[in-house]
Amino acid sequence: MSDKPGSRILLGISGGIAAYKAVELVRRLRADGAEVQVVMTRAAAAFVAPLTLQAVSGRPVRQALLDPQAEAGMDHIELARWADLLLVAPATAHLMARLALGLADDLLTTLALATEAPLVLAPAMNHRMWTNPATQEHLARLVARGVRVLGPASGAQACGEEGPGRMLEPAEIVAALAPEAWPGRAGHRTGPLAGRCVLITAGPTREPLDPVRFIGNRSSGRMGYALAAALAARGAAVTLISGPSALAPPPVADFVRVETALEMAAAVMERVAGCDLFVATAAVADYRPAAPAAGKIKKAAAALTIELVRNPDILAEVAALPGGPFTVGFAAETERLEEHATAKLRAKGLDMIAANRVGTGAGGFDTDDNALVVLWPGGRRAFPLMPKTLLADQLADLIVERYLASLAG
Ligand code: CTP
């Protein structure tokens, strides 16, 4: 048995003509190193022979829920636990309706309810069935629950008509499951963010004046590190991009250390494609010395003027990306907290902003406790002063809630 993450795939096949492509799909998934357990609906077996799928998968195909012999081996709950991923290809309109309703009237739909592994669907159906409001409503519900939907493609259909509803080709489905196309797959198998990728910045930046001095700030990275850990605990594959901090890296999928705002911006932009959420907790220097001195600046003159130039606004750039991630910003304010935070939410085009008061002595930079007011278009929640680890946990829950609501449109 392989230990590679995402290597145990339950492949559900429902009853549409595209079911014949599942044979090639199994072959490609196995060539990619996955173990594949096929589960077919009763209708699927009318389109493709279970024996064919047994031969290509190297495992007996599971078909019935109430099958005493199969259940005596690996029962459906064990099977649901075994899987790193439940992929349904093809997913018919009827299957999507059953999944949307949470029915458990056969083995495949029961597994979909019982598993905590991410669910991926490759729909295939007549284009009128696909565009029917009933199917679109089911699709919206499934997406809102975090189900990943691949395709369908548009083109000539088996029924002789043209339109959206063709299942993606097996090679396209396998490519969409690859870590490059789906960075979130590196996370945990379970939790509300399983299969999702989170990019988070934390800590201060240092902007060099000369080889020994820099412009910095008091950010400790504590809030960002705690939030990175809380989001990872909810299943996400978290990449933490951190400025200089004395803290030990939290348990995340990837930890990247940077120093300057420009390095942080480059590290973010290199990794943001395919990411689902971007959380900017870093206290990024808004300005950097225009021309850092090559050697140590000597105290020769009575006064020293240093020219500063603007750094890129990483958060605003990510928020402006077409098809970019759900963005969460932070705002540290000394006065008129909500007014300034609301203005930033709008100006940067964010999905959420967490605002805290700084410079008052209670909470904020370089302290253990913090209080936040979180704002989003049309909503607000206040969190009282509490330890940052506790706050990070509660904030992570709110981020999950708002993120899933955004998927529902
Ligand atoms: N941010 C960023 N890149 C920058 C500056 C800020 O990604 N160059 C992010 C921070 O991580 C934080 C939010 O933007 O999530 C803070 O917004 P910003 O407008 O920079 O806040 P302040 O620095 O507090 O702004 P101002 O000084 O104008 O009040």
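Here are some notes on the ligand site, the pockets and a few backbone details of this structure, which is a predicted model.

1. Let's start with the ligand. It sits in the largest pocket, and 13 residues surround it. Those that come nearest are Ala280, Ala282, Pro312, Leu315 and Phe330.

2. Which residues have polar atoms close to the ligand's own oxygen and nitrogen atoms? Alanine 280 offers a backbone N or O atom that lies 2.6 Å from a ligand oxygen. Proline 312 also takes part through its backbone, with a polar atom 2.8 Å from a nitrogen of the ligand. Aspartate 286 uses its side chain instead, placing a polar atom 3.3 Å from a ligand oxygen. On its own the ligand has 580 Å² of accessible area, and the protein covers 75% of that.

3. Now for the elements behind that shell. Two or more residues each come from α12 (314–319), β16 (326–333) and α13 (337–348). Strand β16 gives the most, with three residues. Sorted by class, the shell holds eight nonpolar residues, four charged ones and one polar one.

4. The pocket that holds the ligand has a volume of about 910 Å³. Its lining counts 40 residues, and Ala282, Ala283, Val284, Asp286 and Phe330 lie nearest the centre. Two or more lining residues each are supplied by α10 (222–233), β15 (308–310), α12, β16, α13 and β17 (352–357). Here, too, β16 has the largest share, with four residues. The lining is made up of 19 nonpolar, 13 polar and eight charged residues.

5. Some names turn up in both lists, so to speak. Ala282 and Phe330 are among the residues that come nearest the ligand, and they are also among those nearest the centre of the largest pocket. Asp286, with its side-chain atom 3.3 Å from a ligand oxygen, is another residue nearest that centre.

6. Do have a look at the second largest pocket as well, with its volume of about 460 Å³. Its lining has 21 residues; nearest the centre are Ala112, Ala117, Leu119, Arg145 and Val147. Helices α5 (93–101) and α6 (107–114) each supply at least two lining residues, and α6 gives the most, with three. By class, the lining divides into twelve nonpolar, five polar and four charged residues.

7. How many cavities of 30 Å³ or more are there? The count comes to one, and about 50 Å³ of space lies in the largest cavity. Its lining consists of Pro118, Leu119, Gly146, Arg148, Trp182, Ala194, Gly195 and Arg196. Four of these are nonpolar, two polar and two charged. Leu119 is listed here and also lies among the residues nearest the centre of the second largest pocket.

8. Finally, the backbone. Most residues other than glycine have a negative phi, and most peptide bonds are trans. Two peptide bonds to mention are cis: alanine 89 to proline 90, with omega near 0 degrees, and glycine 151 to proline 152, with omega near 5 degrees. Proline 90 belongs to strand β3 (residues 85–91), whereas proline 152 is in the loop between β5 (148–149) and β6 (153–156).

9. Where does arginine 336 lie? Its place is the loop between β16 and α13. Although arginine 336 is not a glycine, its phi is positive, at about 40 degrees. The two elements on either side of this loop each give two or more residues to the shell around the ligand.

Terms used: Residues numbered from 1 in each chain as written. Predicted model: local features only at pLDDT ≥ 70, side-chain atom pairs only at ≥ 80, totals over all residues. Heavy atoms only, no water. Near = heavy atom within 4 Å. Polar contact = N/O pair within 3.5 Å; in protein donor to acceptor, adjacent residues only side chain to side chain. Areas by Shrake-Rupley, 256 points an atom, 1.4 Å probe, with all protein chains shown as cover. 1 Å grid on protein atoms, 1.4 Å probe; cavity = no way out; pocket = protein on both sides within 12 Å on 5 of 7 lines; lining within 4 Å. Sits in = over half its atoms within 2 Å of the grid points. Nonpolar A, V, L, I, M, F, W, Y, C, P; charged D, E, K, R; others polar. Points joined across faces, edges and corners; volume = space filled by probe spheres on them.
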